[in-house]
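Here's a quick walk through how some strands pair up, and how two chains meet. Keep the structure open while you read.

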Amino acid sequence: MSLITYATGLQPRAEADERSAGRQAPRPPQLAPSRLPPGGILFGPIALVAIWELASSTGWLSPKFLAAPSTAVLTGIDLLSNGTLAEHFLASAQRAYLGLGIGVAIGLAMALAAGLSRIGEASLDGLVQIKRAVPTLALIPLAILWLGIGEAMKIALIASSVLVPIYINTHAALRGIDIRHVELARSVGLSRGAFLREVALPGALPGFFTGLRLAVTTCWTALVVLEQINTTEGIGYLMNRARDYGQTDVIVVGLAIYAILGLGSDFAVRFWERRALSYRNAFAS
Amino acid sequence: MNASAHPLNLPQGHGPAAVSLRGVTRRFSGRSVLSEVSLDFAPGQFVALIGKSGSGKSTLLRALAGLDDGVEGEGRISVPADRSVLFQDSRLLPWKNALQNVVFGLRAADADLRGRAALADVGLAGREEAWPNALSGGEQQRVALARSLVRQPRLLLADEPFGALDALTRIRMHDLLFGLIRQHQPTVLLVTHDVDEAIKLADRVLVMEAGRIVVDRPVALAHPRLKEPHFETLRGELLAALGVTDAV
């Protein structure tokens, strides 16, 4: 009681002030981190490059161990201007995208066969699950014996690793078709063909895109390993040769190109996905 | 309960019934959900079916819609082939715009034209291109209503179509549905929880309990019915049949 009298007596406005500003409810503890500002995810990569550059320029990081980012950029410009990079880049891109295209086509066909018919599922699903458990790289010896050490083997292996994520995701989406939509289709007397076209396939499209995003990453991962085998062109060949000559700057250029291609492919798929699934982004006003 | 125990409730001179059920029974894992239901609906009759949750009213509607294959049961059902179902959720396909949803499965040369007219009928002219995600709950249900009526069904089966809507939207939907039903003249079965909704709209109210029709009552009130003095009497009677007393 005396405390209240004392406080109000000395500072007549204190109580009002306390309510409006001073005695605000204490800030609740932040339970979930708030969202990053745009471009916020670039902080980590930029910081890494800055520290790396600093370590190189102070001589702490030897160019024999790892070239400085600035050296790699200069080397990259050099390789670009004399045409070497374009040649190897095209060879790699052709391999990766040919393998991707074939793998997507086969994976999609298998997913449709397994997702839309019982005999298809009985024949294919187990096989793909087994294929999924066997690492692609473990198939290299057999693939070399069957297809030789040329392009056919590389493309076949890229395709075989790409078809798994395409199949798994598209098949799951086809199996997970909303039973309420099936009921609606029956109540309006839709034919089986029309049901596939208008309900099953559009409904499975989000799953296909999830698979495709995984597949583009997979195809580049497979490429890196396969380009270590009997190649005379390609980013992997460029990097292997650089290793023989101890050119860490060229190796860094190769790594950067793989990163750019991987991110670029993912970005392209996401862009396509956003357009194809634009109905998802519509919200009630 | 057999057919002869119940008056058929056919208006004079209307020919054969639009919907007829004889001894319809449905069981889920041995438990009877519909027991020997026999009913006749006259052409153009608006029938409301009320009952507690689990009383079997949705099972009856699904049996009439032909959506209950695989369910154990017997009995004879005769319904028009051109029937459409209005579900509780609007059940729009999210990858089709409003107009495409309305004409979904409609095989007619002038489907597009009819779809636009149906959307205009439910007050959604100009929203043909809108994605379902961009529509409010009430608008989505209006698209669903347009989808059921564009087929010009002889039987409309509505399964608690307004149950998920807010009270104000529901009142608007009642007016809309009532007007459109008058215009198209289908036979209607409206399954609902809402006694007021049933009395407001229907020519005949059925109360279902444990898989049987326990009340079958014509509603002979003039429209607008909320203003009718006998509205309250009928409401009390139906609530009592549902085992509810309205004390507050």
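## β5 and its partner

In this predicted model, β5(B) runs parallel to strand β6 (residues 155-159) of chain B, and 4 bridges join the two. If you want a spot to zoom in on, look at R83(B), which sits opposite L155(B) in β6(B).

That pair belongs to an open sheet of 6 strands in chain B, ordered β5-β6-β7-β3-β8-β9, with mixed pairing. At the edges you'll find β5 (83-86) and β9 (212-218) of chain B; each has a single partner strand, so one side of each has no neighbour in the sheet. On average, neighbouring strands here are turned by 15° against each other, ignoring direction.

## The β1 hairpin and β4

Now for β1 (residues 19-28) of chain B. Strand β1 of chain B pairs with β2 (residues 31-41) of chain B over 7 bridges, in the antiparallel sense. The two make a hairpin with 2 residues between them, and S29(B) in the turn has a positive phi of about 40°. Within this pairing, R27(B) has S32(B) in β2(B) as its bridge partner.

β1(B) also runs antiparallel to strand β4 (residues 72-78) of chain B, joined by 6 bridges. Here R26(B) is the residue to click on: G73(B) in β4(B) stands opposite.

## Where the chains meet

How many residues of chain B are in contact with chain A? The count is 16, and they touch 17 residues of chain A. Sorted by class, chain B's side of this contact has 10 nonpolar, 4 polar and 2 charged residues.

How values were computed
Residues are numbered from 1 along each chain as its sequence is written. Chains are lettered from A and ligands numbered from 1 in the order in which they are written. This is a predicted model: local features need pLDDT of at least 70, side-chain atom pairs count only at pLDDT 80 or more; totals for chains, interfaces and linings use all residues. Two strands pair if DSSP finds at least two bridges between them. Axes are lines fitted to C-alpha atoms, for helices over the stretch in contact, and angles run from 0 to 180 degrees between N-to-C directions. Two residues are in contact if their C-beta atoms, placed from the backbone, lie within 7 Å. Ala, Val, Leu, Ile, Met, Phe, Trp, Tyr, Cys and Pro count as nonpolar, Asp, Glu, Lys and Arg as charged, and the others, Gly among them, as polar.
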